[in-house]
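Me: I would like to go through this model feature by feature. Please give the general idea where there is one, then the case at hand.

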Amino acid sequence: MKQFKIDNTDKRIISQIQDKLNNKTKPIGSLGKLENIVSRVCLIQQTLSPELNNPHILVFAADHGITQENVSKYPSEVTHQMVLNFLQEGAAINVFCRQNDITLKVIDAGINADVYNTPKLIHQKMGKGTRNFAKEPAMTVDECSLAIQLGATVTQQIFQKGSNIVGFGEMGIGNTSSAAVLMHKFTNLPLNECVGKGTGLDAEQMQHKLQVLQKAVNHYPDIKDPLEIVATFGGFEIAQMCGAMLQAAENKMCLLIDGFIATAALLSASQFYPAILDYCLFCHQSAENGHKYMLHHLKADPRILNLDLRLGEGTGCALAYPIIQSSVNFMNEMASFQSAGVSTEKTDN
Ligand SMILES: O=C(O)c1ccc[n+]([C@@H]2O[C@H](COP(=O)([O-])O)[C@@H](O)[C@H]2O)c1
Ligand SMILES: Cc1cc2nc[nH]c2cc1C
């Protein structure tokens, strides 16, 4: 697997960050989680005057062999159809990116159809969907390594265009099944806490999904190596996203983490390089059942939004972005007690 160089952020400037926050014209701590968000951005950028430049959202799309087991409410074709919708600017993620001036790129990591070329599309298809991991590993370890490497190149392209903040989204019918098993393998939480309704299964259908996934997990009792786990149960979009995230952390960019599947990609990436977590902003807590437990496992705090979203596509990242902008702007633009001549405490008289 490609090697990355990812260091923990240098915490020595924390006291200067805290002093600057405390000198802003507000009661100490009163901007709540905005203060935690900008502190993290300052640590990533090693500055007291952070900047958000050329924000991007990368949506990785691929199909999943596990859909043959009837684990999603929607047919596989929706992956391709929604990608066409992204390219035609009609999806939720297009709306929110337009609203917030975020550049959107869509990556064909392994869709089960040929997608036409447009400037928005990055073509790095690994195949026409993974194999069915209920029957055989979703991909080989070599395919998984290649996916990680290809994902990294996408981040490199936008970094070279001056981007220092990137959100990760995905589109792939069946991918909550992959994400649930990755979560189970990497957190050791019981599988039933990791499995959820995805695109909208009812209770009975969810029971079927749980049974399918439990049987699949039982097929491979001995795998412990993280790369082998991602290869066996992952998806092409999850593996590419994992590589893209690792490259973003190496580049000291801010990583915007979306919902259940994107967080499973991050959880996978953190098995290789735990320091990646220092570079993440957790944009929202999804309504998908396992997400809150996965975020807790990752000590993900703050969780910027809690809007019961369960769409994916990077929508949580695009929605959280203006809040992150507000946190950076107050750090840079708000007056201090000294500059505004505001008293910091009562004087005796
Ligand atoms: O981001 C989330 O938390 C999220 C939760 C549930 C579903 N999704 C989206 O729904 C699709 C996967 O759901 P499913 O039921 O086909 O496994 C995939 O395209 C994801 O983007 C996304
Ligand atoms: C319509 C639709 C849109 C999506 N966007 C992300 N996952 C999705 C799943 C479905 C089914």
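Me: How do the residues of the shell around ligand 1 divide into nonpolar, polar and charged?

Reply: Bear in mind that this is a predicted model. The shell around ligand 1 holds 12 polar residues, six nonpolar and six charged. Glycine is counted as polar in this division.

Me: Which residues are the closest to ligand 1, and which element gives the most to its shell?

Reply: Of the 24 residues that surround ligand 1, the closest are S72, G198, G259, S286 and G312. Two or more residues each come from β4 (165–171), α6 (175–187) and α11. Helix α6 gives the most, with three residues.

Me: Which residues are around ligand 2, and how do they divide by type?

Reply: The shell of ligand 2 consists of Y74, V78, M82, M171, T199, L311, G312 and E313. Five of these residues are nonpolar, two polar and one charged. G312 appears in this list and is also among the closest residues to ligand 1.

Me: Now the sheet. In what order do the strands lie, and is the pairing parallel or antiparallel?

Reply: Strands of a sheet pair through backbone hydrogen bonds, in either a parallel or an antiparallel sense. Here seven strands form an open sheet, ordered β3-β2-β1-β4-β5-β6-β7, with parallel pairing. The edges are β3 (121–123) and β7, each of which pairs on one side only. From one strand to the next, the twist averages 30 degrees.

Me: Is β6 mostly buried or exposed?

Reply: A residue is called buried here if 20 or more other C-beta atoms lie within 10 Å of its own. By that criterion five of the five residues of β6 (280–284) are buried.

Me: What are the bridge partners between β5 and β6, and how does the chain get across?

Reply: Strand β5 (254–257) pairs with β6 in the parallel sense over three bridges. L256 stands opposite L281, and I257 has F282 as its bridge partner. Between the two strands the chain passes through helix α11 (260–272), in a right-handed β-α-β crossover.

Me: What joins β6 to β7?

Reply: Two bridges join β6 to β7 (303–305), and the two strands run parallel. H284 has L305 of β7 as its bridge partner. The connection runs through helix α12 (291–297), and this β-α-β crossover is right-handed.

Me: Which strands does helix α13 touch?

Reply: Helix α13 (315–333) packs on the sheet, where it touches β1 (56–62), β4, β5, β6 and β7. Its direction makes about 110 degrees with that of β6.

Technical notes. Residues numbered from 1 in each chain as written. Chains lettered and ligands numbered in written order. Predicted model: local features only at pLDDT ≥ 70, side-chain atom pairs only at ≥ 80, totals over all residues. Near = placed C-beta within 6 Å. Buried ≥ 20, exposed ≤ 12 C-beta atoms within 10 Å, placed from the backbone. Helix = DSSP H or I, 4+ residues; strand = E, 2+ residues; numbered from the N terminus. Pairing = 2+ DSSP bridges. Right-handed = clockwise from strand over helix to strand, strands pointing away. Axes fitted to C-alpha atoms, helices over the stretch in contact; angles between N-to-C directions. Contact = placed C-beta atoms within 7 Å.
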